[in-house]
Structures are given as C-alpha cells and as structure tokens.
Amino acid sequence: MIQKAEDILKKVFGFSEFRPLQRDVIANLLKRRDSLVVMPTGGGKSLCYQIPALLFQGLTVVVSPLISLMKDQVEQLGEFGVGAAVLNSTLKQAEYRHNVARVMNNEAKLLYLAPETLLMPRTLELLASIRVDCLTIDEAHCISEWGHDFRPEYRKLAEVRKRFPEAVCAALTATATPRVQEDIKNCLNFEASNTFIDSFDRKNLFLQIVPKSDPANQTIRFLQKFPDQSGIVYCLSRRQVDELAATLELNHFSVKPYHAGLSDKERRKNQELFIRDDVQIMVATVAFGMGINKPNIRFILHHDLPMNIESYYQQIGRAGRDGLPAHCLLLFSYGDIQKLKYFISQKGEREQRVANIHLNALVGFAEAAGCRRVPLLKYFGEEPAATICDTCDNCTGEKQAQEDITVPVQKFLSCVCRTGERFGAGHVIDVLRGSQGQKIFQFGHDKLSTYDIGKELSKKEWFALSRQCIQKGLLEQDMEYGGLQLTPKAWEVMRGNLPVEGRLREEEDGLAPRTKEPADYDHGLFAGLRILRKSLADEFDIPPYAVFPDKTLIEMATYLPQAEEDLLHLHGVGQVKLERYGRMFLDHIREYCEINDLEESPKIPVKRKTSTAAECKRSRHLEVADKFNRGKSAAFLAAEYQVKLTTIVNHLYKALVQGYPLDEEGTLPELPHLSNGQKAAVFEAFKRLGTESMSPIFEAMNQEISYDDLSALRLQYLLKEFPDLD
Ligand code: ADP
Ligand code: ZN
C-alpha cells in the first residue's frame, strides 16, 4: 500500500519523496488506525490525508473551520486532477446540488465541510447513504477548550464520529500543547499510540530582531530588499495600518491595508489581490492571516511588538510555506511594551496576570543573546536539537559585544533572595533603586541590605538584566503569580563561583535581510515564467501558486528543461499539470533558451534516442534561415516551431549578422497595427542611430513601439535597405 502512496506522490503531486512524518502517518491511516498529527504550518499536513483519500474506495470527509481555506484546497486539488468538492452555507443551490452529485457518484474523493454543515441533517443523511472511509478533522485544536481557538461546533464532532464507525479518523493541527493533544484524542476516542509530532523548527525562516528607531524608514529599507515578492507587515492598531499603508503607497510600493475596521467586501477584495499576486504587500493587524494558504510569502515584518510568543510564531509561520527561504524581522521597542501593558491593564485581574507573563516571555525572547530558536522551541515544549543555527541574527551576525555583568547580577539575585522570592522584577528593581513607594514601606523592604544599592542602572537596564537572568537559568518565574525564584545556579553566582556575561544597553544594528543567497537560477527566465503563470492563473480564475509554486518555476529556471520528460522530474509537476500546462511552459523556456543561447542542464540526465534539443538548437537559426530562403514565411515558421513570431525574427537577424544571406523576397511580419508614418519614422531612426542596439530606437520613438515590432522592422530595414512604403 505504501508503495502505491509513493506512486501517487510522484505521479499526481509531482514530489520526489515524502517528508519523514508523512510516510508514517499515511501508513498508519492506511492500516485504519486513528492518527493525531501535530506539524507546524507548512509541514505538509494536507498530503497526510489526501493521499490515503485517493487509495480508499469510499469518501474522505474533511472538516475545516475556514471556508476560504476549503475553497483554496479544492482548487489546488483540482489542478492536480484530484476530484474534491466543498459543501458550505455560501454555495448557491445549483452549485450545492452539483457538488452533492459529484460526491454521490464517487467523482469527488474528498469532501470539505464546515463543522456546522456536517452537523446539518441533510448532510448526515447524504453521508449515511454512501461509504465514508476517513473522517479528517483539520485545525483539530478547535475541539479543545484549552486551545487558543475553541469552537463549540467542534465538540459535537465526537457525536458525528459515532455515525461512521468504519471510518478511520485523522486529526491535524499546527498548535497543540500536550494538554490540547490529550483533549483531542479523548474527544475523538483515539488510541494513545497514534500521535505524530513534528519539530516546530522552521529552518527556512530567518529570524531577526532589531531596535525600532525610525520605523517608517526601517520598513521602507526592509521592503526595498524584496522587489516583486509577497509579504505581510503586521501593526498593532488599525490606525497604524492605515497610516503605514498610505506611506508605503506614496513610496510606490504595491500595498493594501487589512483590518477589522474595513468592510467585509473590502477585506475580501484586498485578500484576494494579495493571494493572486496582484498586490505584493499586505499591511495588516492580527486580523489578517487565518485562512491564508499562500505558499510564497517571502517576508513578515513586525512593525510593532506582537502580544506573545504564540502569536509571533503563528504570524511568522505564514512565511515560507513552500520551504524556500523567508525573512522575519521584528522591530523592537520599549515604547511598544508600554502600549501592550496598557492594553493588558484593561483586562480582568487573572487575565492580566497571564497576559503579563506571556508578554515578559516575549520580551525575554527578543532580548536573548543566543540562538533565537532555542527559547522559541523551548516555549513549545520542544528540546532544540542544537544551540546554534544558520538562520537567525544572533547565530549568523557579528556577535554582539558581551560585557561582564557579574556584579549587578549578584545584586539583583541577592535582592530576590532578601525579598523572599515572592516578587516580580518590578518590585525587586524598586528596592534596588531605593524607591519611596508605599509597597516598599509596607513590606519593610527599605530596611533590607539591598535597598538603594542599584542607582547606577536605569529601570530599563535592570529589567533587561532580570530577563537575562531568566534566560541564563538563574531565575525562574512563577507562571501564575509572576514571582521570581532562585535556581541552584543562582547560588553559584552569588557565591562568586560563576561569572556572568551579558548586555545592559541596547545597541543599534543592521537591518539588511540576511537570507541566504538565492540559488543560482536564471532570473530573467524566472520573471518571464511568473508572468506566464499569472496570465494562466487569471484565465482559469485560480491563484498563481495553484498553477505551479515558486519552487517549480525556480527549478525550471535552473535546469531549463526542453522536453516533457524533463519537466516531470521537477518539483510539483505531476501528470495532470504536465498535460494542462507543460506545453506552454516548455515553449516559453525553449524560446528563452534560443534567444539567449542557453542549454539545458538536466536535473536528472536522460538518454534520448533522437538528438537532444540542445544539439538541434545550436544551428536552429541557420535552419530557420534556410527554410525562409526556400519560401516559408516568418509566420509559417513560427507555427511550425511553435514559437513566437519574434523568435523567428530573431533567428533570422542572427543568421543575417553572421553573414548568412537572406532572400529579399521572403515574407516578414506585416505589422498592420503600425501606420506607414510610424514605420518610416523607425527606419529613419535606424538610419540615424544604427541597428545594433534597440533601446535608443525605442526611446527615439517615445517608447510607443514595442521591442518585438522594432525587431521586425529592423529585419525589414536590413533586408530591403529602406523599403518602399505605399
Ligand atoms: P500545512 O497544511 O501543514 O500547513 P501543506 O499541506 O499546505 O502544509 O504543505 C505545505 C507545502 O509543502 C505545500 O506547498 C505542499 O505542496 C508542500 N509539500 C507537502 N509535502 C511535500 C513533499 N513530500 N515534497 C515536497 N513538497 C511538499
Ligand atoms: Zn540561531
């Protein structure tokens, strides 16, 4: 069975191998064992149930909370030639009936449903009449009250499960603490042995944090590094979103705002523009991102501090789903902490306490001097495999200068000790700095030996120091009350056995994205392929990434495939996509190679019986010239070689300048859309400026005549030496 799954992976989806957990999950589901899958965003959860769905005889029901995501999945599956349907409340009657029919006659192997749709009697009735082999619960953490996104309808899925005792159950999520995992399994009657947890480490995301000094300028400088690429800029407030979007627009960025204050219609429109690559940058509040499946988001900029590590991780997780490098920059400022504290102070008492602890954890993360991934992964309960990486600023940048901070740390730790390990950093700092506050006198802390021994540092510096104490494992924070407690290591420091290095002052540092150099591919070809992809996507009314993801285009621009069999070896090219789009992409690549005199460098070398395309190509222009001289028109040759007319024109030009004579009587493109006056002006320009370089001619014509037309006219000019115009 797993062999069949592997075949589907290659033939249908065009991927060369499974990611490690995918194989295990699929094998498990095919054995009809329930599976809980916890994988980070972009980890490849979808294939875990989509491939079994193609192997099961009956239907796979997929419950998903977000209508936009369902639509996206069904569209993408359609592009792979996989039958899938969706049922939800937004469908029109006819569409609904059509989709039901596709399910009934097994045309759709997967049925995507919102939970409330599944719970409707008519849906349950429909499903009772057919064979259901798998019940998939996407975003399964919604089932748990302990998750961050509890949805009451999800609770009722437990009931639904009983109606399909034969169906195996797959529950998938990107965010689940152990507590939530237990909840999901209990709720769905799972067995313990079938949980699959992937690492949360997203190695392709470059993590960087810099002090926020001049945010508008910092933002602009950052965005300038990503021309023509998609990304999100997160701001704290709606007003901030509107202002920043306006500033960026003034600076000629392709940008739209997104926040809860806009009308539904406008939000939907802006999101669609972003997904379809019509707009590159989304400036948004946290309201944006749920239900965005776009794989080619290349950067996330946090213009303001997020509320906690969880939201930070969720937001940066939207970048680089395709596995290619993406850059995540956070602009960090103490002013933002104050703003968030103000927000928090508006909440209830218990909520305030939890929110403050979460915020402190985030600030600690931001100030950490070591690898950024270590505290992040630890936060999610994962033991990092290494303490150094090559995709975060602290690991790759110049190490920030560390100084000996043993003495102030000793002062701080003793003060924690003297005050009884019950207070948070704020109070300890007040004691150290000799505050006259009421709380000090109430506890008699003005009598302590550590009272008023720390005026040499500002409050801010003491806070930074206290957070470093936590990171270095000298202090632990009580998760409920926020009190600081000493660890055994702290006693070593206080006894003078262990020196401490760290930083007290924030320093400026570079803003330049340090994503790894993109692999060596032809950027001109890539740009052309993107345009082709966009026009196809618009024609079929789907997002560009559903045609091919960026990774496929990059591989095309790397290996320059010339034949269908080469194309099949590339990432993301399955049989159906090959049939649907292969020709058009191959034509484009071949033409590009011909014009630029490039040869294929196959991903997997193949022996061909006939001579290779590259061999044919070398003398293609002479072959074309020869046929032209034997009376074939340029237009005829374009059709014969299945290339654009302008490619033939370029072949002929190349032959001509290499000294190959061309027949003056041959039929060149006629250009009926140009007036005789225009043509005459172009010929004049050739006479005046020469024919070697086209751009002076293009400028002389006020950029009104395309390069393709100019090439054709140049050939006429050279061939007929100032042709007559009648
Ligand atoms: P998730 O649902 O976990 O966020 P997806 O299922 O959307 O992730 O997959 C993320 C990306 O990874 C998609 O673009 C998908 O096509 C790609 N992908 C998944 N599995 C593989 C694989 N085995 N090989 C190559 N690419 C894969
Ligand atoms: Zn690192």
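Good morning. Buried residues make up 53% of the 726 residues in this protein. I should say at once that the model is predicted. The chain forms 35 helices and 17 strands, and its C-alpha atoms fill a box of roughly 105 × 70 × 50 Å along the principal axes.

I shall begin with ligand 1. Its surroundings comprise 15 residues, of which Glu17, Gly42, Lys45, Ser46 and Arg321 come nearest. Sorted by class, this shell holds four nonpolar, seven polar and four charged residues.

Which atoms of the protein approach the oxygen atoms of ligand 1? In the side chain of serine 46, an N or O atom is 2.6 Å from an oxygen atom of ligand 1. Glycine 44 contributes a backbone N or O atom at 3.0 Å from a ligand oxygen, and glycine 43 likewise offers a backbone N or O atom, at 3.4 Å. On its own, ligand 1 has 560 Å² of accessible area, and the protein covers 82% of that area.

The element to note here is helix H3, residues 45-55, which supplies three residues, the largest share of the shell around ligand 1. Why may we describe H3 as largely enclosed by the rest of the structure? The reason is that nine of its 11 residues are buried. Among them are Lys45, Leu47, Cys48 and Tyr49. Lys45 thus appears twice in this account: it is listed with the residues that come nearest to ligand 1, and it is one of the buried residues of H3.

I turn now to the zinc ion, ligand 2. Its coordination is provided by the SG atoms of Cys371, Cys389, Cys392 and Cys395, at 2.3 to 2.4 Å. The four donor atoms subtend angles of 99 to 121° around the zinc ion, and the arrangement is therefore tetrahedral. Along the chain, these donors follow the spacing C-x17-C-x2-C-x2-C. Cysteine 371 sits in the loop between helix H16 (349-367) and helix H17 (373-379), while cysteine 395 belongs to helix H18 (residues 393-396), so this pair ties together parts that are 24 residues apart in sequence. With a relative accessible area of 6%, cysteine 371 is buried, because the limit for that class is under 20%.

Next, some individual residues. Aspartate 322 is placed in the loop between helix H14 (309-316) and strand E13 (326-332). Is aspartate 322 buried or exposed? Its relative accessibility is 10%, so aspartate 322 counts as buried. Its side chain reaches the backbone nitrogen of leucine 324 at 3.0 Å.

Glutamate 272, in helix H13 (residues 264-275), is partly exposed at 32% relative accessibility. Between glutamate 272 and isoleucine 292 there are 10.0 Å in space, C-alpha to C-alpha, and the two are 20 residues apart in sequence.

Finally, a remark on the backbone. Most residues other than glycine have a negative phi. Which values of phi do glutamate 139 and aspartate 228 have? For glutamate 139, phi is near 50°, a positive value; for aspartate 228, phi is near 60°, also positive. Glutamate 139 lies in the loop between strand E5 (132-137) and helix H8 (152-155), and is partly exposed at 22% relative accessibility. Aspartate 228 lies in the loop between helix H11 (215-223) and strand E9 (230-234), and at 55% relative accessibility it counts as exposed. Thank you for your attention.

Methods: Residues are numbered from 1 along each chain as its sequence is written. Chains are lettered from A and ligands numbered from 1 in the order in which they are written. This is a predicted model: local features need pLDDT of at least 70, side-chain atom pairs count only at pLDDT 80 or more; totals for chains, interfaces and linings use all residues. Side-chain values use heavy atoms; hydrogens and water are left out. A residue is near a molecule or strand if one of its heavy atoms lies within 4 Å of it. A polar contact is a pair of N or O atoms within 3.5 Å; within protein, one must be able to donate a hydrogen and the other to accept it, and residues adjacent in sequence count only if both atoms are side-chain atoms. Accessible areas come from the Shrake-Rupley method with a 1.4 Å probe; for residues, only the protein chains shown count as cover. Helices (H or I, at least four residues) and strands (E, at least two) are DSSP runs, numbered from the N terminus. Ala, Val, Leu, Ile, Met, Phe, Trp, Tyr, Cys and Pro count as nonpolar, Asp, Glu, Lys and Arg as charged, and the others, Gly among them, as polar. Donors are N, O and S atoms within 2.8 Å of the metal (3.2 Å for Na, K and Ca); water is not among the atoms, so sites may look incomplete. Four donors count as tetrahedral if all angles lie between 85 and 135 degrees; four count as square planar and six as octahedral if opposite donors are over 155 degrees apart and all others between 65 and 115; anything else is irregular. Buried means under 20% relative accessible area, exposed over 50%, partly exposed in between (1.4 Å probe, protein chains only).
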